[in-house]
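Colleague: I'm new to this one, so could you walk me through it? I'd like to ask my questions as we go.

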Amino acid sequence: MIVILKPNPNPDQLESLKNWLLGKGIQIHTSLGTSQMILGLVGDTSTLDIDLINALDIVEDVKRVQEPYKNANRKFHPEDTVIQVGNTQVGGGTLTIMAGPCSVETEEQIIEVAKAVKASGATMLRGGAFKPRTSPYSFQGLGAQGLELLKLARAETGLPIVSEIMDTSQIKLFEDVDVIQVGARNMQNFNLLKLLGSQPKPVMIKRGLSSTYEEWLMSAEYVMASGNEQVILCERGIRTFETYTRNTLDLSAIPVLRHLTHLPVIIDPSHATGKYALVAPLALGAVATGCDGLLIEVHNDPAHALSDGPQSLNPQAFDQLNKKILSLHAFLKEQEA
Ligand code: PEP
Ligand code: MN
């Protein structure tokens, strides 16, 4: 349920409304917009009398929220969520460019890629240390050592780092990772989501291979309900009947999520297509559709990459693409102004 308050509500009346709700075991999430304050109520609201609340002097309107996700719901929080990461931000009109290799392989590789993507205008370095591979015989990532190499690359370039956690047992290793990624295969690992809700780093949740928007938003809800509101959603293609591409990029996710939630939306054209030649057109399509950022795999030697070489851009191709991405984004912003 949401309670929309009139502008400048009387503080005493607001206090007594809140105390009354808390006394009924309801949790209150206050959202302060530019002109209005909204109280998002979580808990068993079935016993609350809507007419009674509506009749209060300070209340403009009361609505039941039918969707099962509450904290992630735009009705609870009309303003876009903006997440501060180091000296950059995700959401709020900024275009976040996360770039880097699928897997961190060696110190030389990650430093070289980090410097290159930074020079091309990337705002975060993304690299996998723990890799969820379909085959147990494929390279599984460098693990903890991979995270240490990412930190070295961060020290060298100043780029915040993004990396995937696969299991609750790894949580300590991620204390100093700037954005913790939950991969598609773990989108519904509820124990992991709850744990990530109880730590302070932003969490980026990739969409499950065959997950609906609602299931995906419920995964965000798990993290938020556990206390961490800094959640980013990443569309990485869904499973369809098409086999030519690795997955099918669902660009509808951008306007749909914009409507349903206040959380930022990142698009990953690399895993969505599996083919380097398709990354540029879909990245540009995603920017034109209004995403908050992109996740693009970049490798200094794609032909010899230990994972996802066929979908990785080399630094030159990334540089060319990012120029187009940044100018398209600037052009669209100019049109909005
Ligand atoms: C990745 O980001 O490297 C990855 C494994 O992606 P996904 O979870 O989307 O398959
Ligand atoms: Mn990958």
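Colleague: Let's start with contacts: of those in the protein chain with a separation of 6 or more, what share comes from residues 24 or more positions apart?

Modeller: Keep in mind that this is a predicted model. Here we look at contacts in the protein chain with a separation of 6 or more, and ask how many join residues 24 or more positions apart. That share is 68%.

Colleague: How does the radius of gyration of the protein chain sit beside that of a compact globule with 337 residues?

Modeller: A compact globule with 337 residues would have a radius of gyration near 20 Å. As for extent, the C-alpha trace spans about 70 × 45 × 45 Å along its principal axes. The protein chain agrees with the globule value, since its own radius of gyration is 21 Å.

Colleague: And what is it built from: how many helices and strands are there?

Modeller: Some background on the surface and interior helps here. Buried residues make up 51% of the 337 in the protein chain, and the accessible surface comes to about 14800 Å², with 53% of that belonging to carbon and sulfur atoms. As for the elements, the protein chain has 10 helices and 14 strands.

Colleague: On to charges. How far apart are the mean positions of the positive and negative charges?

Modeller: The protein chain carries 29 positive and 37 negative charges. Take the mean position of each set, and the separation is 3 Å.

Colleague: How many salt bridges does the structure hold?

Modeller: Side chains of opposite charge can pair when their charged atoms come close. One of the pairs here is Asp-80 with Arg-74, at 2.7 Å from N to O. The count of salt bridges for the structure is 14.

Colleague: In that pair of Asp-80 and Arg-74, which side chain belongs to a buried residue?

Modeller: Buried means under 20% relative accessible area. Asp-80 has 36%, so Asp-80 is partly exposed. With a relative accessible area of 16%, the buried one is Arg-74.

Colleague: What about Arg-126 and Glu-297: how far apart in sequence are the parts that this pair ties together?

Modeller: The two side chains meet in a salt bridge of 2.9 Å, N to O. Arg-126 sits in strand β8 (residues 124-126), while Glu-297 belongs to strand β14 (residues 293-297). The pair therefore ties together parts whose distance in sequence is 171 residues.

Colleague: Is Glu-297 buried or exposed?

Modeller: Its partner Arg-126 has a relative accessible area of 3%, so Arg-126 is buried. Glu-297 comes in at 0% relative accessibility, which means that Glu-297 counts as buried.

Colleague: Which residues do shared salt-bridge partners join into one network with Arg-154?

Modeller: Begin with the salt bridge between Arg-154 and Asp-176, at 2.7 Å from N to O. Arg-154 is in helix α4 (residues 144-157) and Asp-176 in the loop between β9 (161-165) and β10 (179-182), so the pair ties together parts 22 residues apart in sequence. Salt bridges that share partners then join Arg-154 into one network with Asp-176 and Asp-178.

Colleague: Now for helix α10. Leaving aside neighbours within four places in sequence, which residues is Leu-332 in contact with?

Modeller: Leu-332 lies in helix α10 (residues 315-336) and counts as partly exposed, at 26% relative accessibility. Ala-288 is 44 residues away along the chain, yet its C-alpha atom and that of Leu-332 are separated by 7.5 Å. With the sequence neighbours set aside, the contacts of Leu-332 are Val-287 and Ala-288.

Colleague: Let's turn to backbone angles. What is phi of Asn-8?

Modeller: Most residues other than glycine have a negative phi. Asn-8 is in the loop between β1 (2-5) and α1 (11-23), and is exposed with a relative accessible area of 74%. Its phi is positive although the residue is not glycine, with a value near 45 degrees.

Colleague: Asp-308 has a positive phi too, near 55 degrees. Is Asp-308 buried or exposed?

Modeller: Asp-308 has its place in the loop between β14 and α10. At 16% relative accessibility, Asp-308 counts as buried.

Colleague: Last one: how far apart in space are Ser-252 and Glu-235, C-alpha to C-alpha?

Modeller: Ser-252 is found in the loop between β12 (231-235) and α7 (253-260), and counts as partly exposed at 39% relative accessibility. In sequence, Ser-252 and Glu-235 are 17 residues apart. In space, their C-alpha separation is 9.9 Å.

Terms used
Residues are numbered from 1 along each chain as its sequence is written. Chains are lettered from A and ligands numbered from 1 in the order in which they are written. This is a predicted model: local features need pLDDT of at least 70, side-chain atom pairs count only at pLDDT 80 or more; totals for chains, interfaces and linings use all residues. Side-chain values use heavy atoms; hydrogens and water are left out. A salt bridge is a side-chain nitrogen of Lys or Arg within 4 Å of a carboxyl oxygen of Asp or Glu. Buried means under 20% relative accessible area, exposed over 50%, partly exposed in between (1.4 Å probe, protein chains only). Helices (H or I, at least four residues) and strands (E, at least two) are DSSP runs, numbered from the N terminus. The radius of gyration is taken over C-alpha atoms; the globule rule is 2.2 Å times the number of residues to the power 0.38. Contact means heavy atoms within 4.5 Å. Accessible areas come from the Shrake-Rupley method with a 1.4 Å probe; for residues, only the protein chains shown count as cover. Lys and Arg count as positive and Asp and Glu as negative; His and the chain ends are not counted. The place of a charge is taken as NZ of Lys, CZ of Arg, CG of Asp or CD of Glu.
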